[in-house]
Amino acid sequence: MLSATQARNIVGIVGNVISFGLFLSPLPTFFKIYKSKSVEEFKPDPYLATVLNCMCWVFYGMPFVHPDSTLIITINGIGLFIELFYLAIFCLYADSKGRKKVSICLVIEVIFVAAVAVITIVFLHGTKQRSLLVGIICDVFNIIMYASPLTIMTKVIKTKSVKYMPFTLSLANFLNGCIWTAYSLIKFDIYVLVSNGLGAISGFLQLLLYTYYSVCRPKADENAVKANEVQLSNA
């Protein structure tokens, strides 16, 4: 019989694997940049946002902020390294304006996280108070990051096409949200629960949209075409 700690560790390891796959999902884009030796219309904004998000979660997982969160540190530490690697490739092939933007944003992010760390360590005492401040900051940034899938979902509804929303990525987002939600419930962690619960809901809505516009909608359109053909033949 597994203890709660063992079950939580197993779930967390599975979450690390799924999240690692999500961090690797932009690789084809950067391979394209490498081959073309140009960033073209590529924007670094999502990766800059993910860098900040990962830094905040790494700090959240520190023993003096939120104990027993090693698996949160591992995946966000790996994610931080991967995102910085993506940004390094971007800077390698971007113009001076693009490199300057990335450099300024990274400096601002480091200063922000450093300020949060100083305030947390110096002015807040005990892991409960520290978890509250850092956890809220992490959740705010995670919720902001969910704005990206929402814009894609809006585009799918407008265009009535799922080509802008790959099924595998939507499924991975859903599974990632579910597994980390389960992780947060085994040993209750409200901050991991809020961010990943919303992620699971977002992934589920993406899958519903994908099912509707790739399966249900085409069948409805096909039936409508057949009905029109029958009416024309009767006429």
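Begin by selecting Phe-30, a buried residue whose relative accessible area is 3%. The coordinates on display are those of a predicted model, and this tour proceeds from Phe-30 to its aromatic partner, then to the whole chain, and then to a series of single residues.

**Stop 1: the ring pair**

With Phe-30 still selected, add Tyr-86. Together, Phe-30 and Tyr-86 form a stacked aromatic pair, with ring centres 4.4 Å apart and an angle of 10 degrees between the planes. A pair of aromatic rings is described by the distance of the centres and the angle of the planes. Colouring by helix shows that the pair links distant parts of the chain: Phe-30 belongs to helix α2 (residues 27–36), Tyr-86 to helix α4 (residues 70–93), and the two positions lie 56 residues apart in sequence numbering. Is Tyr-86 buried or exposed? Tyr-86 is buried, because its relative accessible area is 1% and the limit for a buried residue is under 20%.

Next, extend the selection to Phe-42, Tyr-47, Phe-85 and Phe-90. With Phe-30 and Tyr-86, these residues form one aromatic cluster. The count for the protein comes to 15 aromatic pairs.

**Stop 2: the whole chain**

Now clear the selection and display the complete model as a cartoon. The protein contains 9 helices and 0 strands, and its pattern along the sequence reads α-α-α-α-α-α-α-α-α. Along the principal axes, the C-alpha atoms fill a box of roughly 85 × 55 × 30 Å.

Switch to a surface representation. The accessible surface comes to about 13500 Å², and carbon and sulfur atoms account for 72% of this area. Of the 235 residues, 39% count as buried. Among contacts between residues at least 6 apart in sequence, 76% join residues at least 24 apart. If charged groups are coloured by sign, the mean positions of the 19 positive and 12 negative charges are 2 Å apart.

**Stop 3: Lys-37 and Asp-68**

Return to sticks and select Lys-37, in the loop between α2 and α3 (45–60). Show Tyr-34 as well: Lys-37 lies over the face of Tyr-34, at 4.2 Å from the ring centre. Lys-37 is partly exposed, with a relative accessibility of 47%.

The backbone of Lys-37 also merits inspection. What is the phi of Lys-37 near? The angle is near 60 degrees, a positive value in a residue other than glycine. Most residues other than glycine have a negative phi. Move on to Asp-68, located in the loop between α3 and α4. Phi of Asp-68 is near 60 degrees, again a positive value in a residue other than glycine.

**Stop 4: His-125**

Select His-125, in the loop between α5 (96–123) and α6 (127–145). His-125 is exposed, at a relative accessible area of 58%. Draw a distance from the C-alpha atom of His-125 to that of Val-65: the separation is 9.5 Å, although the two residues are 60 residues apart along the chain.

**Stop 5: Thr-50**

Proceed to Thr-50, in helix α3. Thr-50 counts as buried because its relative accessibility is 11%, and the limit for that class is under 20%. Which residues does Thr-50 touch, not counting those up to four places away in sequence? They are Phe-23, Glu-83 and Met-145. A distance drawn from Thr-50 to Val-140 gives 13 Å between the C-alpha atoms, for residues 90 apart along the chain.

**Stop 6: Gly-203**

Select Gly-203, in helix α9 (residues 190–234). Gly-203 is buried, at 0% relative accessibility. Not counting residues up to four places away in sequence, Gly-203 touches Ser-170 and Phe-174, so display those two residues as sticks. From Gly-203 to Met-62, the C-alpha distance is 28 Å, and 141 residues separate them in sequence.

**Stop 7: Val-118**

The tour ends at Val-118, in helix α5. Is Val-118 buried or partly exposed? Val-118 is partly exposed, with a relative accessible area of 47%. Draw one more distance, from Val-118 to Ile-33: the C-alpha atoms are separated by 38 Å, and the residues are 85 apart along the chain.

Technical notes. Residues are numbered from 1 along each chain as its sequence is written. This is a predicted model: local features need pLDDT of at least 70, side-chain atom pairs count only at pLDDT 80 or more; totals for chains, interfaces and linings use all residues. Side-chain values use heavy atoms; hydrogens and water are left out. Helices (H or I, at least four residues) and strands (E, at least two) are DSSP runs, numbered from the N terminus. Buried means under 20% relative accessible area, exposed over 50%, partly exposed in between (1.4 Å probe, protein chains only). Contact means heavy atoms within 4.5 Å. Accessible areas come from the Shrake-Rupley method with a 1.4 Å probe; for residues, only the protein chains shown count as cover. Lys and Arg count as positive and Asp and Glu as negative; His and the chain ends are not counted. The place of a charge is taken as NZ of Lys, CZ of Arg, CG of Asp or CD of Glu. Rings of Phe, Tyr and Trp (its six-membered ring) pair if their centres lie within 6.5 Å; planes under 30 degrees apart count as stacked, over 60 as edge-to-face and the rest as tilted. A charge sits over a ring if NZ of Lys or CZ of Arg is within 6 Å of the ring centre and within 35 degrees of the ring normal.
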